[in-house]
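Me: Here is a protein I would like to go through with you. Can we take it step by step?

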Amino acid sequence: MPYRVVLALTCLALAACQGSNPYVADSRPLPPAPPQAATTFDQSAYPAPARDYGRYRSWTWRDGQLPAGNAATDAAQLADVVSNALDQRGLRPARGGRGDLLVSAGMRMERRLRQYRDDDYYPYGGYGGMGYRHGYYGNSYGLYGSVPVVRTYEIEVMVVRVDLFDAGSGQPVWSASAESGSQGSLGDREEALRKAVEKAMSGYPPS
């Protein structure tokens with residue numbers, strides 16, 4: 001291609017590049033803020049403040065009713081155990097009015113499977129002849145060994161749940177549940193109830 005033709009094409013390309021850009025940036029102003037924006041506080045934009053559990057000093061039963069009992073224990077017994085656990089944590093029953101906290105509690109019986117490892121099970125022994133076994137000589141000898149056996153059994157447990165609500169807002173403040181084994185006798189059930197409530201309340205107030 002002749003040199004002059006190449007030069008002419010190059011000049012045309014440069015002239016095209018220096019032409020006006022057909023794409024022009026255009027922006028519109030932001031709409032004005034609504035009048036209530038100056039006085040409205042958006043709580044969702046900030047983390048919730050830490051709850052001050054120290055301001056809770058008294059309590060009453062939620063809806064003014066004792067926790068429901070069942071065949072394992074009556075409502076009065078459950079209420080007494082929960083009341084004692086609250087008292088140990090500085091929460092007193094409200095006198096003549098609604099307390100700082102509303103308390104709800106419940107209890108149910110459930111069954112659990114437990115496993116026990118028996119390491120002393122001897123499934124096989126030696127064979128005839130003179131030998132040494134367990135500290136004495138006898139008419140058997142050879143290899144003796146133990147094989148661990150895992151045994152599964154079922155137990156009955158008492159499950160207790162305690163819920164605390166802010167009396168002013170009605171919002172949940174704290175809740176926990178725990179369980180304790182119960183063998184079925186009256187004394188065992190009373191002890192299981194006490195242990196389950198104490199386990200459930202052991203995390204209050206949260207650290």
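What follows is a set of short questions and replies about this predicted model.

Me: What is the mean pLDDT of the protein?
Reply: This is a predicted model, and pLDDT gives the predictor's confidence in each residue. In the protein, 68% of residues reach 70 or more. The mean pLDDT is 78.

Me: Over which residues does pLDDT stay under 50?
Reply: One stretch is placed with pLDDT under 50. The model still has 28 contacts there beyond four places in sequence. The stretch is residues 126-137.

Me: In what order do the elements run from the N terminus on?
Reply: The protein has three helices and seven strands. From the N terminus on, the order is α-β-α-β-β-β-β-β-β-α.

Me: What share of the contacts with a separation of 6 or more comes from residues 24 or more positions apart?
Reply: The protein has 207 residues, and 25% of them count as buried. Among contacts with a separation of 6 or more, the share from residues 24 or more positions apart is 67%.

Me: How are H2 and H3 oriented to each other: roughly parallel, roughly perpendicular, roughly antiparallel or oblique?
Reply: H2 covers residues 75-87 and H3 covers residues 186-201. Their axes are 10 Å apart, and the packing angle is about 40 degrees. Angles under 35 degrees would count as roughly parallel, and 65 to 115 as roughly perpendicular. The angle fits neither range, so H2 and H3 are oblique.

Me: Is the crossing of H2 and H3 left-handed or right-handed?
Reply: The two helices pack at an angle of about 40 degrees. Their crossing is right-handed.

Me: How many residues of the contact of H2 with H3 are nonpolar?
Reply: H2 brings Gln-77, Leu-78, Val-81, Val-82, Ala-85 and Leu-86 to the contact, and H3 brings Glu-190, Leu-193, Arg-194, Val-197 and Met-201. One of the residues in this contact is polar and two are charged. The nonpolar ones number eight.

Me: Which peptide bond is cis, with omega near -5 degrees?
Reply: Most peptide bonds are trans. Pro-205 lies in the segment after H3. The cis bond runs from Tyr-204 to Pro-205.

Me: Is Asp-63 buried or exposed?
Reply: Asp-63 sits in the loop between E1 and H2. Its phi is near 60 degrees, a positive value in a residue other than glycine. Its relative accessible area is 68%, and the cut-off for exposed is over 50%. So Asp-63 is exposed.

Me: Is Val-157 buried or exposed?
Reply: Val-157 lies in strand E6, residues 149-166. It touches residues including Met-109, Arg-112, Glu-179 and Ser-182. Its relative accessibility is 1%, and buried means under 20%. So Val-157 counts as buried.

Me: What distance separates the C-alpha atoms of Val-157 and Arg-111?
Reply: Val-157 and Arg-111 are 46 residues apart along the chain. In space, their C-alpha atoms are separated by 5.9 Å.

Me: Which residue is 51 residues from Val-159 in sequence and 5.4 Å away, C-alpha to C-alpha?
Reply: Val-159 also has its place in E6. Val-159 is buried, with a relative accessible area of 6%. Its contacts include Gly-106, Met-107 and Ala-178. The residue asked for is Arg-108.

Me: In which strand is Ser-180 found?
Reply: Ser-180 is buried, with a relative accessible area of 6%. Beyond four places in sequence, Ser-180 is in contact with Val-157, Met-158, Ala-192, Lys-195 and Ala-196. Its strand is E7.

Me: Where is Ser-182?
Reply: Ser-182 counts as buried, at 2% relative accessibility. Its contacts include Met-109, Glu-156, Val-157 and Asp-188. Its place is the loop between E7 and H3.

Me: How does Ala-94 count at 21% relative accessibility?
Reply: Ala-94 lies in the loop between E2 and E3. It touches Ser-58, Trp-59, Thr-60 and Gly-99, not counting residues up to four places away in sequence. Buried means under 20% and exposed over 50%, so 21% falls in between. Ala-94 counts as partly exposed.

Note on methods: Residues numbered from 1 in each chain as written. Predicted model: local features only at pLDDT ≥ 70, side-chain atom pairs only at ≥ 80, totals over all residues. Heavy atoms only, no water. Axes fitted to C-alpha atoms, helices over the stretch in contact; angles between N-to-C directions. Helix = DSSP H or I, 4+ residues; strand = E, 2+ residues; numbered from the N terminus. Parallel < 35°, antiparallel > 145°, perpendicular 65-115°, else oblique. Left-handed = near helix turned anticlockwise from the far one by under 90°. Contact = heavy atoms within 4.5 Å. Nonpolar A, V, L, I, M, F, W, Y, C, P; charged D, E, K, R; others polar. Buried < 20%, exposed > 50% of the residue type's maximum accessible area, 1.4 Å probe, protein only. pLDDT = per-residue confidence, 0-100.
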